[in-house]
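The following exercises concern a single protein chain. Each task is followed by a solution in steps.

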Amino acid sequence: MSVRAQRRRTIRRLRAEGLYGPALREVLPALAAVVVALCAVVAGLAVGYRVAGVGVPLGALALLAVAAPAAVRRHRPLARRRHGFYTPEELAELDTEGLALAVSRMLRRDGWRVLPPRRTADRVRVCLRARNGRGQRLEVAFRPVAEPLPDEEAPSRAGRPGGSGPPLRLVVHRGAFSRRDVQWARRQGGVRLIDGSCLRRWAYGTPLNELSDSP
């Protein structure tokens, strides 16, 4: 692989993980919208000055100075991802670690405190742990098959001292779960399967507790 191809691949990976700046095509529509909005504001200020005097434009400018920077920062792709909002295209480009980062941001957006991830050395398996203000605990696994493989040890369901019972367990998958996965989750109890459809709605802004379970 050439140096140029390696650089493009690295940039795509960093951008998918929210660690690299947005491309020009991502910010161009927003810039155009800002220009149009500024022209409209200037025209409105001119009309307000002629009709009601200097007080109207001064008040509008003060309000604009406070509101505009906050709105621009929130809708920039990098800032949006840091606040836990992802587009379907951004989700599709993420690897397992990038998806774990996205889900951790979405959990923080919904009021959960995310603990450091755990991973095993022999296979790519990332697990997030989180806790909310009511003491509820959550564990998140990222893999296409919910049922533990033969050489994997099933997660413990025992509650820790001082905890509020066993944690809720999420299994996140960008695709669709099989019938075997659904049956396994029902047998386990306390397991929610987040498939691609649920994940996209969660990333768009629907709180976790308002998502319907995967069929």
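**Exercise 1. Contacts and overall make-up**

Determine what share of the contacts with a separation of 6 or more comes from residues 24 or more positions apart.

*Solution.* In this predicted model, residues 24 or more positions apart account for 50% of the protein chain's contacts at a separation of 6 or more. Next, the secondary structure is listed: the chain holds 8 helices and 5 strands. Read from the N terminus, their order is α-α-α-α-α-α-β-β-β-β-α-β-α. Finally, burial is considered: 33% of the 215 residues count as buried.

**Exercise 2. Confidence**

State the mean pLDDT of the protein chain and the percentage of its residues that reach 70 or more.

*Solution.* The mean pLDDT is 75, and 70% of the residues reach 70 or more. Residues 120-124 fall below 50, and this stretch has 5 contacts in the model beyond near neighbours in sequence. Residues 149-162 are likewise below 50, with 20 contacts beyond near neighbours in sequence. Where pLDDT is low, the predicted coordinates should not be read in detail.

**Exercise 3. Helix H6**

Compare the expected span of helix H6 (residues 96-109) with the separation of its end C-alpha atoms. Then describe its start, its buried residues and the residue glycine 111 that follows.

*Solution.*

1. The expected span is 1.5 Å times one less than the number of residues. For the 14 residues of H6 this gives 20 Å, and the end C-alpha atoms are 20 Å apart, so the two values agree.
2. At the start of H6, the backbone nitrogen of glutamate 97 has a side-chain oxygen of aspartate 95 within 3.4 Å.
3. Buried residues of H6 include Leu99, Val103, Met106 and Leu107, and Arg105 is also among them.
4. After H6 comes glycine 111, with a positive phi near 95°.

**Exercise 4. Rings and charge**

Which residue lies over the face of phenylalanine 85, and at what distance from the ring centre?

*Solution.* The residue is arginine 109, at 4.9 Å from the ring centre of phenylalanine 85. Pairs of aromatic rings are a separate matter: with centres required to lie within 6.5 Å, the count is 0 aromatic pairs.

**Exercise 5. Alanine 46**

Is alanine 46 buried, exposed or partly exposed?

*Solution.* First, the residue is located: alanine 46 belongs to helix H2 (residues 24-52). Its relative accessible area is 37%. Buried requires under 20% and exposed over 50%, so alanine 46 is partly exposed. As a last step, valine 56 lies 10 residues from alanine 46 along the chain, and their C-alpha atoms are separated by 9.5 Å.

How values were computed:
Residues are numbered from 1 along each chain as its sequence is written. This is a predicted model: local features need pLDDT of at least 70, side-chain atom pairs count only at pLDDT 80 or more; totals for chains, interfaces and linings use all residues. Side-chain values use heavy atoms; hydrogens and water are left out. pLDDT is the predictor's confidence in each residue, from 0 to 100. Contact means heavy atoms within 4.5 Å. Rings of Phe, Tyr and Trp (its six-membered ring) pair if their centres lie within 6.5 Å; planes under 30 degrees apart count as stacked, over 60 as edge-to-face and the rest as tilted. A charge sits over a ring if NZ of Lys or CZ of Arg is within 6 Å of the ring centre and within 35 degrees of the ring normal. Helices (H or I, at least four residues) and strands (E, at least two) are DSSP runs, numbered from the N terminus. Buried means under 20% relative accessible area, exposed over 50%, partly exposed in between (1.4 Å probe, protein chains only). A polar contact is a pair of N or O atoms within 3.5 Å; within protein, one must be able to donate a hydrogen and the other to accept it, and residues adjacent in sequence count only if both atoms are side-chain atoms.
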